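User: I would like to learn how to read a model of this kind, feature by feature, beginning with how far to trust each part. Could you give the general idea each time and then the case at hand?

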Amino acid sequence: MKNSVKAGRQGQSKGFDRMKKTVLMAAALATMLFGSSVEGWAAKLVARIDVSSQTMTVRYGRAVYRWRVSTARKGYITPRGSYRPQRTARMWYSRKYDMSPMPHSVFYRGGYAIHGTGAVKSLGRPASHGCVRLHPSNAAAFYSMVRQAGFRNTRIVVTN
């Protein structure tokens with residue numbers, strides 16, 4: 001009788017250990033998926049393009065940058081909204097607009113991108129076919145930030 005009681009208790013103990021392991025694994029998985037705070041959900045890199053002031057404000061950690069841009073000129077649009085980068089290209093040539101160079105491109109909606117331009121004198125006023133143009137050095141810096149932060153940790157917000 002003593003042996004059967006002891007065996008029953010060992011079976012209960014094994015079941016309890018399995019349940020404990022399952023609960024601990026679920027807690028570890030939840031922590032990995034959701035992070036330990038709300039900051040896990042927030043983008044680490046945020047670029048806000050203000051079409052009305054033709055500026056882009058970039059927040060990356062504690063660093064804040066404010067750059068002049070050129071968005072869509074009359075007859076074209078720069079789409080408004082909140083996006084994540086879709087792809088990057090160190091150098092892209094627009095097949096749609098006579099193979100125009102688009103250095104350090106960060107594409108965020110189809111063919112729309114944030115990229116460098118040689119037309120730096122136009123920065124600060126609408127001049128593009130819809131893309132967000134930056135000074136080449138600023139485009140290179142932003143491109144590097146996006147690559148470092150990752151697409152999932154980057155948010156691009158275009159407003160009026």
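Analyst: A useful place to begin is pLDDT, which is the predictor's confidence in each residue, on a scale from 0 to 100. This model is predicted, and the protein averages a pLDDT of 86, with 74% of the residues scoring at least 70. Over residues 29–41, however, pLDDT stays under 50, and for that stretch the model has two contacts beyond four places in sequence.

User: What is the secondary structure of the protein, and which pattern does it follow along the sequence?

Analyst: The secondary structure comes to two helices and nine strands, and, read along the sequence, the pattern is α-β-β-β-β-β-β-β-β-α-β. Contacts add to this picture: among those between residues at least 6 apart in sequence, 56% join residues at least 24 apart. Of the 160 residues of the protein, 34% count as buried, while the accessible surface comes to about 10,600 Å², of which 56% belongs to carbon and sulfur atoms.

User: How should I read a helix such as α2, and which of its residues are buried?

Analyst: One can look at the span first and at the distribution of burial afterwards. Helix α2, residues 136–149, has 14 residues and reaches 20 Å from its first C-alpha to its last, close to the 20 Å expected at 1.5 Å a residue. The buried residues in α2 are N138, A139, F142, Y143, M145, V146 and A149. Because these residues cover an arc of only 160° around the axis, they lie on the same side of α2. R147 and Q148, on the other side of α2, are exposed. The helix is followed by G150, whose phi is positive, near 95°.

User: Which residues other than glycine have a positive phi, for example in the loop between β1 and β2 or the loop between β5 and β6?

Analyst: Here it helps to take the backbone angle together with the accessibility. Q54, found in the loop between β1 (45–50) and β2 (55–60), has a positive phi near 55° although Q54 is a residue other than glycine. M99, in the loop between β5 (87–94) and β6 (100–109), is likewise not a glycine and has a positive phi of about 60°. Burial means under 20% relative accessible area, so Q54, at 3% relative accessibility, counts as buried, whereas M99, at 47%, counts as partly exposed.

User: Is S70 buried or exposed, and what does it touch?

Analyst: For a loop residue, accessibility and contacts are best read side by side. S70 is placed in the loop between β3 and β4, and because its relative accessibility is 1%, S70 counts as buried. Leaving aside residues up to four places away in sequence, S70 touches a set of residues that includes Q54, S122, L123, G124 and C131. A polar atom of the side chain of S70 lies 2.8 Å from the backbone oxygen of S122.

User: Where is R73 placed, and how far apart in space are R73 and P126?

Analyst: Sequence separation and spatial separation should be set against each other. R73 is in the loop between β3 (63–68) and β4 (81–83), and although R73 and P126 are 53 residues apart in sequence, they are 4.6 Å apart in space, C-alpha to C-alpha. Not counting residues up to four places away in sequence, R73 touches P126, A127, S128 and H129. R73 counts as partly exposed because its relative accessibility is 33%.

How values were computed: Residues numbered from 1 in each chain as written. Predicted model: local features only at pLDDT ≥ 70, side-chain atom pairs only at ≥ 80, totals over all residues. Heavy atoms only, no water. Helix = DSSP H or I, 4+ residues; strand = E, 2+ residues; numbered from the N terminus. Buried < 20%, exposed > 50% of the residue type's maximum accessible area, 1.4 Å probe, protein only. Contact = heavy atoms within 4.5 Å. Polar contact = N/O pair within 3.5 Å; in protein donor to acceptor, adjacent residues only side chain to side chain. Expected span 1.5 Å × (residues − 1). Arc of directions from axis to C-beta. Areas by Shrake-Rupley, 256 points an atom, 1.4 Å probe, with all protein chains shown as cover.
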